[in-house]
Structure formats: C-alpha cells, structure tokens
Amino acid sequence: MSAQPPSLLIVEDDLALQKQLKWSMDRFESVTADDVATAVLQFRRHKPPVVTMDLGLPPDQDSVSEGFRLLEKLIELEPSTKVIVLTGQNDQGNALRAIRMGAYDFLSKPVDPDVLVLTVERAMRLHELQQENQRLLTQQDGEPTGKLVTRDAQMQRICRTVERVSGSDATVLLLGESGTGKEVLAQSLHDASKRKGRFVAINCAAIPEALLESELFGYERGAFTGATKTTIGKIETANGGTLMLDEIGDLPMPLQAKLLRFLQERNIERLGGRQEIPVDVRIVGATHQDLKAKIEQGLFREDLYYRLAEIVVDIPPLRDRAGDAVLLSHAFLRRFSSEQRRPILRLSDEAIRAVEAHRWPGNVRELQNLMKRASIMADGDRITADDLGLQVPGGDAPAGDQELDLRTVRERAERQAVVAALARTDGNIAKSADLLGVSRPTLYDLMARLGIKA
C-alpha cells in the first residue's frame, strides 16, 4: 500500500529546528528542505498544499532576500499554495511584506507547536475548500457552456443563448470564422439538452460529394457496388441525440433538397431502401461562409436556410473578444502541462503582451496549436514571446472608439481593464487588484457592477 503524498513542505536551514518542526507536526505527511534550490525541487515533485518556511536561508542566513525569492517562486509556481512564514520576534515589517506577496500567515519564533499545528490545519482546510470550489467551477455542473473559457461580454451573451435554447428542439445555425469554437458550442448545446443519444459531427466539406449522401443517410446492402452490408448513416447514428453539420455551406444542392425533406418530415430513406425510418435528432449547422450571399448566387437553398436558421448564433473572432486570448492561453498551458507531466507553464509579461497584440487569424485553433508547440519546446517553466514566435508590441495602443458619452466610455474602459487584468493573472483576484491599483473589495464591487464573473 503506497503512502499518501506529502501535504506539507518544511523549509528550515537549522537542521535541529527542522527535525523539531517535523516531529511536532508528525500527523502530517511532510518533506523537508534547507535551501531555496532543494525547496523548489521538493515543491515541484510533491506539490504540497501547505509550506512552512524561514526567511533566513543560505547562502545568506542573516538576510531575508533568499526567503523572499523562495516565497515569490512558490507563489508563482502555484498561487493557491498556503505559505506560512516563520519570522523573528521583531520582524513585523518583513512578515507584512510576505503577506502582501501572497503568504497565507506568519508566526513569530519561537513558535508554539500547538499554534503552528492549528495554523497548518486551517491552511490545509482552506486549500481543500478552494480546490473543491475550483473543481465545481470547472465542471460547471448543469451549465451547457462549461467547456467554453471566456470573459468577453458578447461571448457570455452567446452562452446565455445556448442555455436558453438547450431545452428546446430548435435547429441552431452557428456562424463564424474557422477556429472560433463552433464545435465546442454545439457540444455544449448537446450536453445541456439532456438528450440521451450521441453527439455526432460530420464535416460536409471534407467528404467527397459521391460519398456524402451515404455518409449522412446510410445504405442498404446491394445499393451500389461494394455495399456488402446494410450501414446506417450519421443521421441515424445520432438518433436521440444531436447531429452537427459542419461547413454546411458546402453541402451539394441535391443533398440540400434531401436534408430539407428530412427536416420537414423527420424521416429518412437509406440509399437503395424503400422504408421510411423515423429519426429524432437535433440538427446544428455550422459554417464560416455567408449563406445569404450563397443564396443570391443560387448556391444554397433559401428554404433550407430558414429551416436551419430557427436560432442563429454569430460567434465573434478571437481578436474581438476582450481578454480571451490570454485567458485561453492560461487554460491551454495548464492542460498541456498536465498532459506532458511537467510543472505548470506560465506566460512571461512580454509573452502576455504579444498574445494580446496578435490578431489571431486562425482564432482559437491557432492559439491552441501555438500553446501546444510552446509547451513542448519551452526550456524552462515560463513561456516567452520567442517561444511563441510572436512579436512584442511597442509604442502606444491604437486609439479606441470615438464615443463621447463619458459614462459609456468609462464603463467600457473599466470593463476592458478588469477583464485584461483577470486574464493576465489567470483569475487571481489579489494580483488583479494590485495590477489595477485598487483594493480587493473595490475590485469585487467593480466586477459585480460590470457583470464580470470571478
């Protein structure tokens, strides 16, 4: 039976005191370190939720510089870690500085063992509650847009639309540039619908026209040369669920007529078959093309468009979503770091500025690929602009909207600043407040007034 992973890291260069601390907290699984390098190594290896540390560490035990360097590194590696700083009796200034940097608490030496144990227990309990809260937020139980990472006001309105539509059987048409997340929204719509069938997606542009009909509607044995057995199509496969027709603007005209008939009657006939088969499936269409322009050109049926467009969702490109590029970058780096079993990778300040300035012509797909490549190629635990292959912007930002209503301008500026700060700090309220130059209560008030979720 394997031992539990350590829940406590004790950093103390006085080996006798280190042993005493470990003994007094023997109810916790702990590991020890006596200098910055060993402490960082132990922290990366075991990821303990709580750390106790002295500020005076070698090679300069009489100074606090090494201790503060370690504290900054631990908070950078994992902001949720609860660091308890042990200080001298008359060292209140450094203790308060440690708290401002992100430490959980401080205790003066000599430390009362009972007080230390109680403080560690409270820190572990708080960490556990925060982790559980984060898991619940990540799961977004019952919310269809749990997989969509955004703080942009327009995207949040789209999420609310998806939530409202999910309980109906309305056909939904998703419009937007390639890579904007149309399939993620379609999957979210299905997940929220409580349909018991599968979510099935087919790309109408990726399958040759001669094969597309059989892929959609299936075929009977002997329907054509090589049809050695009866095969059901994607529409039947999605029975009871959702069928996403990606790039529906490329659907050939003969198939448009057949799809229209299915949408009207909810019955299909397989190729080579004579029997009508009822199918209960929700259709979600998606395209990056202008379907109304294609209608005018005679390339898309107007009656099919109106059958598909019961609910139309126009997804903005990533460049128009305030703060989302950086927010998504953090999310992708966490995911790829976990997949590659390496410490959580972070973006440097210049990398953040480069991500904010890039136009992202490939949208979220381009961003995801870039972060995956950077997570593989990066040497350290911090992603630079060079790792991303992006230019760091210089000079003043371009002039904004010439709106002159002061309230509108102020609210827009406040929203952009708060969203950008939350994106840069990966949702850390304390760091965002420092970045904005306001207190945490003020930031919470701003977020509540502007309708920005924590």
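**Exercise 1. Place helix α1 against the strands: which strands does helix α1 lie across, and at what angle does it run to β2?**

Step 1. Helix α1 covers residues 15-24. Helices here are DSSP runs (H or I, at least four residues) and strands are runs of E (at least two), numbered from the N terminus.
Step 2. Helix α1 lies across β1, β2 and β4 (82-87). Contact means heavy atoms within 4.5 Å.
Step 3. Helix α1 runs at about 170° to β2. Axes are lines fitted to C-alpha atoms, for helices over the stretch in contact, with angles from 0 to 180 degrees between N-to-C directions.

This is a predicted model: local features need pLDDT of at least 70, side-chain atom pairs count only at pLDDT 80 or more, and totals for chains, interfaces and linings use all residues. Residues are numbered from 1 along each chain as its sequence is written, and side-chain values use heavy atoms, without hydrogens and water.

**Exercise 2. Work out the sheet: what is the strand order?**

Step 1. The open sheet has five strands, ordered β2-β1-β3-β4-β5, with parallel pairing. Two strands pair if DSSP finds at least two bridges between them.
Step 2. β2 (30-33) and β5 (105-108) are the edge strands, each pairing on one side only.
Step 3. Four bridges join β1 (residues 8-11) to β2. Val-11 stands opposite Ala-33 in β2.

**Exercise 3. Find the charges over rings: which residue lies over the face of Phe-68, and which over Phe-217?**

Step 1. Apply the rule: NZ of Lys or CZ of Arg within 6 Å of the ring centre and within 35 degrees of the ring normal.
Step 2. Arg-97 lies over Phe-68, at 3.8 Å from the ring centre.
Step 3. Lys-258 lies over Phe-217, at 4.6 Å.
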